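Good morning, and thank you for making time for this item. I would ask you to look at the sequence and the structure on the screen while I speak.

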Amino acid sequence: MTAGVREIEASVRTDFHNAMSYGRYLDLGRILSAQHPQSRPEHHDEMLFIIQHQTSELWLKLVLHELRESRRLLDADDLGKALKCLARVKAIQRTLTEQWSVLGTLTPREYAQFRGALGSSSGFQSCQYRAVEFILGNKHRRMLEVFTSEPEAHQMLATLLEEPTVYDAFLRALARAGYDIPRDILDRDVTQPWVFREELVPVFQKIYESEDTPWGFYEACEDLVDLEDNFQAWRFRHLRTVHRTIGFKTGTGGSSGVDFLKRALDLTFFPELYAVRTEIGR
Ligand code: HEM
Ligand SMILES: N[C@@H](CC(=O)c1ccccc1NC=O)C(=O)O
């Protein structure tokens with residue numbers, strides 16, 4: 001063995017003319033040629049900005065895939081598998097939130113040097129982000145307006161707007177298991193954003209306090225709280241990153257910027273799961 005060199009074992013495959021290879025399986029040719037900095041002359045840090053967004057979009061694609069599957073499994077009363085999907089979503093969310101530290105290395109001056117090249121593009125136009133918000137209950141029909149120039153994105157969001165949320169699916173599963181969920185909640189207009197329903201608080205109190213609650217229901221409640229917590233942590237890190245990078249400048253998407261993003265922190269997906277905390281142990 002040559003010092004400092006790892007010999008390639010004789011069995012290791014090196015010819016991929018007629019066999020599946022790493023690059024082809026992952027379609028890396030396309031993924032790795034999809035970074036197109038717009039600044040002229042090209043600004044070194046624009047690559048970071050593009051890759052941070054592209055990796056976030058890839059993870060969002062998987063989050064959506066898992067949330068759709070968890071909803072399907074809840075509809076099929078396969079709670080154990082639904083929880084496995086939610087656990088994966090939670091792990092991805094932690095990665096997405098930690099990823100802000102990479103963008104945190106972009107200074108305000110560096111960003112200002114290529115911000116003009118972004119034109120009117122903005123994360124506000126992220127179809128997958130909006131899709132995740134929709135499937136978790138933050139429905140908002142007017143958000144579709146942003147996507148009239150992108151028919152596929154528009155269609156995906158229109159479909160999700162009309163479909164029940166993960167929370168709707170969970171409440172329906174609870175009703176089938178015998179929990180007292182009011183009929184009008186189960187039959188609600190799912191195109192509307194979720195609004196707080198007082199009657200669900202005692203249902204969740206029973207789940208949390210009863211000795212004979214099936215463990216899966218208890219765990220599902222906690223998973224949904226984790227999910228919302230993680231979502232808020234992402235929103236908060238976004239807000240802080242925006243604040244340290246552009247201060248109080250207005251956004252490229254046309255909003256007021258930091259102030260607009262701050263208001264997103266008041267949004268909640270599962271308000272009853274938080275409200276029940278006040279009641280527990282009383
Ligand atoms: C320096 C980095 C960033 C800055 C300065 C920034 C700034 C902003 C601003 C000002 C908005 C409000 C909409 C507007 O008027 O443009 C916004 C929205 C948004 N951004 Fe960013 N952003 C940054 C990075 C990111 C990254 C890495 C993502 C990841 C995908 C992202 C996703 C979003 C999303 C999803 C929204 C819509 C949020 C909502 O509707 O509440 N942003 N951003
Ligand atoms: N809204 C940002 C621009 C921005 O961050 C952005 C631009 C293009 C693609 C994604 C973006 N990310 C999040 O909004 C700004 O006002 O500087």
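I shall take the ligand surroundings, then the nonpolar core, and finally one segment of the chain.

Please keep in mind that this is a predicted model.

I begin with ligand 1. The shell around this ligand comprises 25 residues, and the closest of them are Ser122, Gly123, Gly251, Gly253 and Ser255. Three elements give two or more residues each to that shell: helix 3, residues 46-75; helix 12, residues 215-246; and helix 13, residues 258-264. Which of these gives the most to the shell around ligand 1? The answer is helix 12, with five residues. As to the chemical classes, 15 residues of the shell are polar and ten are nonpolar, while no charged residue is present.

Helix 12 also contains His238. The unreviewed UniProt entry places a "binding site" feature at His238. Is this histidine buried or exposed? His238 counts as partly exposed, because 17 C-beta neighbours lie inside 10 Å, whereas a buried residue would need 20 or more.

I turn now to ligand 2. Its surroundings consist of His53, Arg115, Leu118, Ser121, Ser122, Gly123, Ile246, Gly251, Thr252 and Gly253. In this shell seven residues are polar, two are nonpolar and one is charged. Ser122, Gly123, Gly251 and Gly253 belong to the shell of ligand 2, and these four residues are also among the closest to ligand 1.

Next, the interior. The largest nonpolar core has 39 residues, and Ala131, Ile135 and Phe170 are those with the most contacts inside it. Several helices give two or more residues to this core, including helix 3, helix 4 (79-98), helix 7 (127-136), helix 8 (151-162) and helix 12. The largest share, seven residues, comes from helix 9. What does Ala131 touch, leaving aside its neighbours within four places in sequence? Ala131 is in contact with Leu64, Met156, Leu157 and Leu160.

Finally, I would draw your attention to Val12. This residue lies in the segment before helix 1, which spans residues 22-25. Val12 counts as exposed, since 7 C-beta neighbours are found inside 10 Å and the limit for that class is 12 or fewer. Val12 and Ile92 are 80 residues apart along the chain, and 33 Å separates their C-alpha atoms.

That concludes my presentation, and I thank you for your attention.

Definitions and conventions: Residues numbered from 1 in each chain as written. Chains lettered and ligands numbered in written order. Predicted model: local features only at pLDDT ≥ 70, side-chain atom pairs only at ≥ 80, totals over all residues. Near = placed C-beta within 6 Å. Helix = DSSP H or I, 4+ residues; strand = E, 2+ residues; numbered from the N terminus. Nonpolar A, V, L, I, M, F, W, Y, C, P; charged D, E, K, R; others polar. UniProt positions renumbered as here; feature names shortened; annotations may be inferred. Core = buried A, V, L, I, M, F, W, Y, C linked by C-beta atoms within 7 Å. Contact = placed C-beta atoms within 7 Å.
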